[in-house]
Amino acid sequence: MKLRANLVIGGALFALAIVVGLLAPWLAHTDPVMDANLMNAEEPPSWTWWFGTDAQGRDIYSRVLYGARVSLTVGIVSQLINSVIGVALGLSAGYFGGWWDDVVNALTNLMLAIPSLIFALAIMAVLGPGLTSLLIALGLTNWSFTCRLARASALSLRSQGYVQAATVLGYGDIRIMITQLLPNMLGPIVVIGTLGMGSAVLSEAALSFLGLGVRPPFPSWGSMLSEAREQITTAPWLSIFPGLAIFLTVLGLNLLGDGLRDILDPQSRSRRT
Amino acid sequence: MTGSPLLEVEDLRIDLDDGARRVAAAEGISFRIDGGETFGLVGESGCGKSITALALIGLLRPPLSIAGGVIRFQGQEIQHLSAARQRQLRGNRIAMIFQEPMTALNPVSPVGRQIAEMFVLHKGKSWREANQLAVEALASVRVPAPERRVKDYPHQLSGGMRQRVMIAIALACGPDLLIADEPTTALDVTVQAEIIELMRNLCAERGTAILMISHDLGLVANVCRRVAVMYAGRIVEERGSADIFRVPSHPYTQGLVDSLPRLGSRAALGRTRLKEIAGVVPAITRFPDGCRFNPRCAQATDICRTTAPQTDGLEAGGFVRCHHHA
């Protein structure tokens with residue numbers, strides 16, 4: 001049962017983050033942006049202000065709830081873009097080989113050589129801050145591991161009997177890749193994708209912290225941390241709660257990824273039974 | 001049984017090019033298969049029978065390539081067809097089943113879907129129709145409870161069942177030619193007999209010709225009307241399958257027939273040792289000059305070591321490639 005624990009806890013944390021983000025308008029006590037009231041500035045956590053208030057008197061609890069929307073959108077969407085790019089490049093490179101494989105390999109090595117956050121920073125600098133540029137920047141910079149994995153899987157699957165049988169039965173290249181190769185490599189791709197979502201949430205926080213993410217006053221966990229930096233000694237709740245939200249979401253995604261790996265990897269499955 | 005020629009192979013040569021050298025892995029391969037006929041290609045491992053089959057369906061990949069000759073299918077030369085046209089033939093007009101039923105099915109896809117895919121791919125059916133046809137196809141290979149079995153994954157089926165599924169996939173589009181490359185080698189003997197019987201009956205019903213490739217002369221002679229024996233990249237003898245046992249003409253075929261354990265007359269002679277063919281098949285880069293069988297042949301003379309024999313027609317039909325045939 002130990003193997004299932006990470007799956008359950010991770011899944012629950014991730015589901016909680018999604019529910020909170022979706023239901024933010026109903027769960028929040030105040031509007032995260034408009035309900036600023038200097039009369040309530042920098043209130044510590046209390047029964048009225050669960051997570052306290054910031055310098056403008058905005059409710060941190062409500063802002064953390066709305067912040068989930070940005071963090072999760074960025075985490076999920078940018079990782080989906082990464083997975084699609086990585087699988088498309090890696091799968092085709094492993095299947096076709098030849099010059100295309102060389103090109104994809106060179107591109108992957110290039111991506112791995114440049115720290116992805118620096119690359120994302122450069123893209124953000126060109127596109128300007130905002131949610132869309134955040135999605136593009138993070139979606140284009142973290143596909144190299146998925147690509148490596150898809151290529152390696154395609155290489156080993158290509159020599160399987162059923163792939164050769166499909167060729168003999170008149171399947172075209174695209175059909176072979178989609179019906180024969182892709183379903184057989186999906187397990188590890190999903191695991192890497194889940195883990196990647198966690199790091200995308202962190203990258204969003206980092207970029208927003210640097211002022212390149214979502215424009216204030218709309219809240220994201222990263223930008224809330226950034227704003228809270230100066231008051232960390234006088235009003236620590238400003239950084240504690242968004243930090244905790246990031247921590248729990250990323251922890252949940254990593255546990256989920258580990259758990260999925262345990263049930264999707266046939267070898268660990270056979271060990272258990 | 002016989003009709004117009006379905007498949008004609010003339011003087012086919014397949015080269016192996018390892019970058020440094022080009023050697024002929026198979027040469028002078030000529031045979032013809034009529035519509036609905038059963039034809040066997042027999043030989044030891046590495047004699048070139050499997051690459052001949054791959055050449056027929058256009059799936060030779062470097063370092064192997066067709067270096068000469070003509071492959072005519074239904075009167076049309078197919079060796080230079082575009083990849084897309086060849087793909088339309090494969091699985092549709094020419095189907096193939098493999099040695100390994102364990103690995104030839106996609107493990108993550110239900111078998112019914114894998115059969116249905118053929119109808120979608122080659123016949124342009126909708127998935128609804130195709131799924132219905134898949135149940136019928138599974139019923140035709142005598143899988144019990146086909147409407148439930150279509151949902152099974154390959155690992156839920158036994159080896160024999162999987163080979164039945166492979167046959168259902170191969171025959172789904174009603175091909176004119178079925179290439180069976182060692183179709184039963186991985187199965188045990190009783191299942192082997194069932195599968196062969198099934199394959200033969202289905203093909204006879206539908207008028208599908210069979211090209212059966214095997215190292216098992218007995219099996220091939222049992223299934224096929226005519227048999228070609230290959231040795232070291234050449235066809236050395238081609239005969240009606242009854243004749244090949246009764247009066248084998250080429251010394252290699254004689255050796256093969258003599259090395260088969262048999263009930264009856266030979267056993268009655270006493271506890272004689274099974275005969276063997278001395279020596280081993282030469283490596284592809286070290287084929288001897290002249291007749292390629294000469295180093296292992298008891299009847300070899302000087303001419304065998306210098307001049308490659310041409311094919312000699314036999315009275316009863318067929319031919320033999322030997323300087324000394326009776």
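**Close-up 1. Where helices α10 and α11 of chain A meet.** In this predicted model, A:Trp221, A:Met224, A:Leu225 and A:Ala228 of α10(A) touch A:Leu238, A:Ser239, A:Pro242, A:Gly243, A:Ala245 and A:Ile246 of α11(A). Sorted by class, that makes eight nonpolar residues, two polar ones and no charged ones in the contact. As for the geometry, α10 (residues 221-228) and α11 (residues 237-264) of chain A have axes that come within 9 Å and cross at roughly 155°. Angles over 145 degrees count as roughly antiparallel, so that is how α10(A) and α11(A) run relative to each other. Their crossing is left-handed.

**Close-up 2. The contact between chains A and B, seen from the chain A side.** Chain A brings 14 residues to this contact and chain B brings 21 residues. On the chain A side, the elements that give two or more residues are α8 (161-168) and α9 (173-209). The largest share of that side goes to α8(A), with five residues. Have a look at the chemistry too: the side of chain A that touches chain B has six nonpolar and eight polar residues, and no charged ones.

**Close-up 3. The open sheet of chain B.** Eight strands line up here in the order β6-β7-β8-β3-β9-β10-β12-β11, with mixed pairing. At the edges sit β6 and β11 (312-313) of chain B; each has a single partner strand, so one side of each goes without a neighbour in the sheet.

**Close-up 4. Strand β7 of chain B, wrapped up by its surroundings.** In β7 (residues 177-181) of chain B, five of the five residues are buried, so the strand is largely enclosed by the rest of the structure. In a regular strand, side chains alternate between the two faces of the sheet. Here both faces are covered: B:Leu177, B:Ile179 and B:Asp181 are buried on one side, and B:Leu178 and B:Ala180 are buried on the other.

**Close-up 5. The strands flanking β7 of chain B.** On one flank, β6 (residues 94-97) of chain B runs parallel to β7(B) and is joined to it by four bridges. B:Ile94 stands opposite B:Leu177 of β7(B) in this pairing. The partnership of β7(B) with β8 (residues 209-214) of chain B is parallel as well, and holds five bridges. Across it, B:Ile179 has B:Leu211 of β8(B) as its bridge partner.

**Close-up 6. An antiparallel pair in the chain B sheet.** Here β9 (residues 226-231) and β10 (residues 234-240) of chain B run antiparallel, joined by six bridges. One spot to pick out is B:Val227, whose bridge partner in β10(B) is B:Arg239.

Notes:
Residues are numbered from 1 along each chain as its sequence is written. Chains are lettered from A and ligands numbered from 1 in the order in which they are written. This is a predicted model: local features need pLDDT of at least 70, side-chain atom pairs count only at pLDDT 80 or more; totals for chains, interfaces and linings use all residues. Two residues are in contact if their C-beta atoms, placed from the backbone, lie within 7 Å. Ala, Val, Leu, Ile, Met, Phe, Trp, Tyr, Cys and Pro count as nonpolar, Asp, Glu, Lys and Arg as charged, and the others, Gly among them, as polar. Axes are lines fitted to C-alpha atoms, for helices over the stretch in contact, and angles run from 0 to 180 degrees between N-to-C directions. Angles under 35 degrees count as roughly parallel, over 145 as roughly antiparallel, 65 to 115 as roughly perpendicular and the rest as oblique. A crossing is left-handed if the near helix is turned anticlockwise from the far one by less than a right angle, and right-handed if clockwise. A residue is buried if 20 or more other C-beta atoms lie within 10 Å of its own, exposed if 12 or fewer, and partly exposed in between; C-beta atoms are placed from the backbone. Two strands pair if DSSP finds at least two bridges between them.
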